[in-house]
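User: I'd like to go through some labels on this model and hear what backs each one up.
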Amino acid sequence: MATVSPTPTVASAPAATPQPAMRLRELVFGAACAAAVRAAARLGVADALGDTPATAEELAAAVNSEPQPLRRLLRALSCYGIFVETENGTFAHTDMSRMLREDDPNSLRYIALWCTEPWTWDAWPRLDEAVRSGASVFHEMYGKGFFDYLHQDAHESAHVFNRAMTTSSMQSALDVAGLLDLTGVSVVADIGGGQGHVLASLLEKHPAVRGTLLDLPDVVAKADPRLRTGGALAQRVRIVPGDCREDIPVDADLYIIKNILEWDDESTRRTLRNIVAAARPGARVVVIENLVDDTASMKFTTSMDLLLLLNVGGAKHSKASLVERITQSGLVLGDIRPVNPYLHAFECAVPG
């Protein structure tokens with residue numbers, strides 16, 4: 001199935017916009033679409049399909065499934081532009097279906113799995129409770145906090161979460177490295193930086209710069225191999241286990257805070273204030289976040305915003321709410337720039 005063939009002839013589809021009643025029916029069946037994407041990712045259908053269109057029977061043999069149910073799954077996904085059914089009844093890749101492949105450079109396979117993990121199906125029906133209370137429903141569901149549950153009771157889900165976060169970080173790391181001007185910077189610190197993909201990309205681009213990675217002990221224990229002992233960048237890196245909501249024992253010229261200010265408001269305020277307390281006057285602080293009022297990604301970020309409410313009682317920020325948190329912390333806000341179509345960078349400084 002790996003041989004390249006001419007572009008397949010695609011079966012025609014109606015182009016009319018659905019009437020409101022039908023559109024609402026489609027939306028309330030949104031769980032079916034999410035479940036279909038998850039099933040395709042777990043079965044490995046996208047990996048089995050090469051550049052040549054294949055029949056449902058051929059794909060079923062490759063993924064160890066029954067042909068007819070697989071045809072039904074592919075037919076449903078094709079309605080959303082994930083795979084396409086040709087006029088002769090075979091199935092071919094689309095731009096979206098290719099991103100379900102494990103080996104695609106822009107793969108979203110683990111993001112798709114993460115957003116449809118088993119606990120999500122328990123949480124979503126209780127969204128009305130979270131809206132009424134303004135708090136997470138997770139502790140009531142499982143008797144413990146979200147991350148404790150992941151690491152103690154849901155090891156496969158924790159693995160999927162780690163892979164999803166790694167994928168997301170690796171894909172945006174080069175964009176961040178391309179955006180930031182490190183002129184005059186000797187030490188850059190990635191606060192809550194996960195496994196350090198952004199930091200590694202910056203250090204590779206700027207050979208004279210040293211770096212510090214701070215995150216929870218279990219996270220930094222699995223840092224990017226380039227940063228760990230024996231890695232290509234290890235001699236220029238300090239790895240600090242810690243919780244940025246409690247303390248930031250890091251001295252740097254530039255502090256990066258990327259996609260972590262999604263907790264409750266008090267945790268967000270503490271983190272920003274800890275940066276101000278730790279940094280010397282004039283140090284740069286760059287906050288990088290998805291925004292719920294970014295029109296290019298609002299459907300995604302507003303959905304993530306609701307999921308954060310359910311699982312940790314957190315929230316995605318609007319531009320105005322993030323500006324408010326930044327200025328309340330004592331940071332001086334400068335330019336706000338897009339990193340890519342889905343991220344914005346808030347350039348700040350510690351007052352002199």
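Analyst: Sure, starting with residue classes: Ala, Val, Leu, Ile, Met, Phe, Trp, Tyr, Cys and Pro count as nonpolar, Asp, Glu, Lys and Arg as charged, and the others, Gly among them, as polar. This is a predicted model, where local features need pLDDT of at least 70 and side-chain atom pairs pLDDT 80 or more, while totals for chains, interfaces and linings use all residues. Residues are numbered from 1 along each chain as its sequence is written, and side-chain values use heavy atoms, leaving out hydrogens and water.

User: How do the residues lining the second largest pocket divide into nonpolar, polar and charged?

Analyst: By those classes, 11 are nonpolar, none polar and three charged.

User: What makes you say that Cys115 is in no disulfide?

Analyst: A disulfide needs two cysteine sulfur atoms within 2.5 Å. The closest cysteine sulfur to that of Cys115 belongs to Cys33, 12 Å away, so that's too far for a bond. Cys244 is in no disulfide either, with the sulfur of Cys348, its nearest, 15 Å off. The whole structure has zero disulfides.

User: Why is Cys244 called buried, and Cys115 partly exposed?

Analyst: Buried means under 20% relative accessible area, exposed over 50%, and partly exposed in between (1.4 Å probe, protein chains only). Cys244 has 5%, so it counts as buried. Cys115 has 27%, so it is partly exposed.

User: How do you know where the buried residues of α11 lie around its axis?

Analyst: Helices are DSSP runs (H or I, at least four residues), numbered from the N terminus. In α11 (residues 146-153), Phe146, Tyr149 and Leu150 are buried. Taking directions from the helix axis to the C-beta atoms, these buried residues fall within an arc of 100°, so they line one face of the helix.

Notes. Helices (H or I, at least four residues) and strands (E, at least two) are DSSP runs, numbered from the N terminus.
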